[in-house]
Amino acid sequence: MKKILYFILLLPLYMSSQVAVFHPVKIPQDQVEKFLDIETNYSQKIAQDAVNKGNLVWWALMKSFNTTNEDYNYMWVNVYKDIDATVAPSSRWWMNSETVLGIKPQLLYDGWSGGESDRRYFYQIREQIDSGEQGKYVIFNFASPEDVDKVIADSKNYVAPRFKKVMKSAGMTGWGYATKITPQGEAYASFMTYDAFDSMSNLMKHMSGEGAAMKALDLDKLERIDWESRYVLEIVSSTASN
């Protein structure tokens, strides 16, 4: 998800070998306040230290939109520069709380121990574009196309150039696509795209097909994608550029 919130203003198309790791978590309502305090005031600082040291590209805590009591209501997103960085000991940057903040990890994170974490989902980012504007909301779209190579080619050669031309007028701050590393299998989507926006209004227009980005596409020219799920999340906290 390479730096959704910012980047160069010339709107280039980025080739990427970065790895995005999604980690959903379910926080009970009576622990949300404590959880947000820890994540926004402490974890963000530890993550920023990892970014500054080159061990992490980007970190964010996101809040799920339109959830039920049974859903995962928050998600961590960690972006690493490549696979090696993803599996290196330095990838466990959250264990550095004592070095960065003077607080042992077991003390810092004990306040929301009742939360239920899902497994982590690893995707390799293939390409992405950014508007240079700050993003506030993100759509994650998941599917398992029969011809993933054709979908990737369409995304690179057709979708990206058209989104790049209209993304500012659509309120789109970032877009990209990725393929699954792990877990794999019939129960797990093999392909993902993300659409980042400056407002919920522009995000909703995009999902409804009324936004400028979707209107720029002729869907008949694209390999059909049957989206298995589309999730909307709000960016609560994130790291800044190094």
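How much space lies in the largest cavity? I would like to start there today, and I should say at once that what we are looking at is a predicted model. The answer is about 40 Å³, and the structure holds one cavity of 30 Å³ or more. If you want to find the place on the screen, look for the residues that line this cavity, namely V21, N78, Y80, T86, S91, W94, R120 and F122. By class, that lining has four nonpolar residues, three polar ones and one charged one.

Let me stay with V21 for a moment, since it takes us to strand β2, which covers residues 19-26. V21 stands opposite F122 in β6, and both V21 and F122 are on the list of residues lining the cavity. Another residue of that lining, Y80, lies in β4, where it stands opposite V19. As for the strands themselves, β2 and β4 pair in the antiparallel sense over seven bridges, while four bridges join β2 to β6, again with the strands running antiparallel. There is also a pairing with strand β5, residues 116-117, which is antiparallel and has two bridges, and here K26 has E116 as its bridge partner.

Is β2 enclosed or open to the outside? Eight of its eight residues are buried, so β2 is largely enclosed by the rest of the structure. It helps to recall that in a regular strand the side chains alternate between the two faces of the sheet. In β2 we can follow this along the chain, with V19, V21, H23 and V25 pointing one way and A20, F22, P24 and K26 pointing the other way, and all of them are buried.

P24 brings us to the largest pocket, because P24, D118, F142, S229 and Y231 are the residues that lie nearest its centre, out of 25 that line it. This pocket holds about 640 Å³ of space. Five strands, β2, β4, β6, β7 and β10, each supply at least two residues of its lining, and the largest share, five residues, comes from β10. Sorted by class, the lining has 16 nonpolar, four polar and five charged residues.

The second largest pocket has a volume of about 500 Å³, and among the 23 residues lining it, M214, L219, L222, I225 and W227 are the closest to its centre. Here helices α5 and α6, together with strand β9, each give at least two residues to the lining, and α5 provides the largest share, which is five residues. The classes in this lining are 12 nonpolar, six polar and five charged.

I would like to finish with a single residue, N141, which is found in strand β7. Why do we call N141 buried? The reason is that its relative accessible area is 2%, and buried means under 20%. The side chain of N141 makes a polar contact with the side chain of D195, at 2.7 Å, and another with the side chain of R230, at 2.6 Å. If we leave aside the neighbours within four places in sequence, N141 is in contact with F191, M192, T193, Y194, D195, W227, S229 and R230. Two names in that list should be familiar by now, since S229 is one of the residues nearest the centre of the largest pocket, and W227 is one of those closest to the centre of the second largest pocket.

Key
Residues numbered from 1 in each chain as written. Predicted model: local features only at pLDDT ≥ 70, side-chain atom pairs only at ≥ 80, totals over all residues. Heavy atoms only, no water. 1 Å grid on protein atoms, 1.4 Å probe; cavity = no way out; pocket = protein on both sides within 12 Å on 5 of 7 lines; lining within 4 Å. Points joined across faces, edges and corners; volume = space filled by probe spheres on them. Nonpolar A, V, L, I, M, F, W, Y, C, P; charged D, E, K, R; others polar. Buried < 20%, exposed > 50% of the residue type's maximum accessible area, 1.4 Å probe, protein only. Pairing = 2+ DSSP bridges. Polar contact = N/O pair within 3.5 Å; in protein donor to acceptor, adjacent residues only side chain to side chain. Contact = heavy atoms within 4.5 Å.
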